[in-house]
Amino acid sequence: MATEYAVIAGGCFWCTEAVFKDVIGVESVESGYTGGARPNPTYEQVCSGATGHAEAIRIGFDPEQVKYGDLLDISFATHDPTTLNRQGNDVGTQYRSAIFPANAEQEAEAIAAIARAQESLSDPVVTTIEPLKEWYAAEGYHQDYWEGAGQRNGYCMAVIPPKLQKLRKSFANRVKSS
């Protein structure tokens, strides 16, 4: 079966990328930008909040090993979908919680995943479902960040290990490593 793609945003892409690289059935995770108006935005432009893009990840996955809805459930479990344009200390529309479905089937799955997430949360889920626009891969130094520079970045050291613990605890049967 052909690789399918999921595009999601849930705050800093370094942090979301690290989570999904460890999921069985995920073949690739690319950090990038989508949802904005400026062609070929740079990291600095996106961080300014002026482009309208979200820091997002594009997950290549084998749908026979992991379903699109499962990826969305993992996303909801490993970021806070109840904070508008914010994840922890990261504030701005570029850090919004958003799903960018590629087709009507993914859109229906996104609606269902938001409803599932809401069942276990007391605050309202503010995750948006947005049209999938042009995808722009982030600069090379952002790719596979956790495996390299992220291990020496205090922010990443504070944020990523708890996300990975949540993944391993809540989705133990879906993780590549323990």
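Trainee: Why is Y141 called partly exposed?

Mentor: In this predicted model, Y141 has a relative accessibility of 47%, and because partly exposed covers the range between the 20% under which a residue is buried and the 50% over which it is exposed, Y141 counts as partly exposed. Its place is in the loop between β8 (136-137) and α5.

Trainee: What does Y141 touch, not counting residues up to four places away in sequence?

Mentor: With those residues set aside, Y141 touches Y43 and E44. There is also a separation to note along the chain, in that Y141 and A18 are 123 residues apart, while their C-alpha atoms are separated by 14 Å.

Trainee: What makes the pair formed by the side chains of Y141 and H142 a polar contact?

Mentor: The side chains of Y141 and H142 are joined at 3.3 Å, and a polar contact requires N or O atoms within 3.5 Å, with residues adjacent in sequence counting only if both atoms are side-chain atoms. The pair between Y141 and H142 is one of side chains, and it is therefore accepted as a polar contact under that rule.

Trainee: Which residue in the loop between β8 and α5 is D144 to be discussed with, and what is its phi?

Mentor: D144 is found in the loop between β8 and α5, where Y141 also has its place, and the phi of D144 is positive, about 55 degrees, although D144 is not a glycine. Most residues other than glycine have a negative phi. At 38% relative accessibility, which lies between the 20% and 50% limits, D144 counts as partly exposed.

Trainee: What is the phi of N85, and where is its place?

Mentor: N85, which is not a glycine, has a positive phi of about 55 degrees, and its place is in the loop between α3 and β4. Its relative accessible area is 22%, and because the limit for buried is under 20%, N85 is partly exposed.

Trainee: Why is helix α3 described as largely enclosed by the rest of the structure?

Mentor: Helix α3 spans residues 68-78, and nine of its eleven residues are buried, so the helix is largely enclosed by the rest of the structure. The buried residues include Y68, L71, L72, I74 and F76, and among them are also D70 and S75.

Trainee: How do you know that R116 is in contact with D73 when they are 43 residues apart along the chain?

Mentor: Contact means heavy atoms within 4.5 Å, and, with neighbours within four places in sequence left aside, R116 is in contact with G69 and D73. The C-alpha atoms of R116 and D73 are separated by 8.0 Å, but that value is not the one the contact rule tests, since the rule concerns heavy atoms. R116 has its place in helix α4 (residues 104-119), and at 33% relative accessibility it counts as partly exposed.

Trainee: Why is C15 in no bond with C12?

Mentor: The sulfur of C15 is 3.7 Å from that of C12, the closest cysteine sulfur, and a disulfide needs the two within 2.5 Å, so the distance is too far for a bond. The structure holds zero disulfides. With relative accessibility of 6%, C12 counts as buried, and C15 is buried at 2%, because both values are under 20%.

Trainee: Which residues line the largest cavity?

Mentor: The lining consists of C15, T16, V19, F20, S75, T78, H79 and K163, and the elements giving two or more residues to it are α1 (13-20) and α3. Helix α1 gives the most, with four residues. The volume of the largest cavity is about 40 Å³, and the structure holds one cavity of 30 Å³ or more.

Trainee: What makes Q87 buried, and what is it in contact with?

Mentor: The relative accessibility of Q87 is 10%, which is under the 20% limit, and Q87 therefore counts as buried. Q87 lies in strand β4 (residues 86-87), and, leaving aside neighbours within four places in sequence, it is in contact with G10, G11, H79, D80 and Y95. Q87 is also one of the residues nearest the centre of the largest pocket, which is lined by 16 residues and has a volume of about 240 Å³.

Note on methods: Residues are numbered from 1 along each chain as its sequence is written. This is a predicted model: local features need pLDDT of at least 70, side-chain atom pairs count only at pLDDT 80 or more; totals for chains, interfaces and linings use all residues. Side-chain values use heavy atoms; hydrogens and water are left out. Buried means under 20% relative accessible area, exposed over 50%, partly exposed in between (1.4 Å probe, protein chains only). On a 1 Å grid over the protein atoms alone, a cavity is a set of points where a 1.4 Å probe fits but cannot get out, and a pocket is an open set with protein on both sides within 12 Å along at least five of seven lines; lining residues have an atom within 4 Å of a point. Grid points are joined across faces, edges and corners, and a volume is the space filled by probe spheres set on the points. A polar contact is a pair of N or O atoms within 3.5 Å; within protein, one must be able to donate a hydrogen and the other to accept it, and residues adjacent in sequence count only if both atoms are side-chain atoms.
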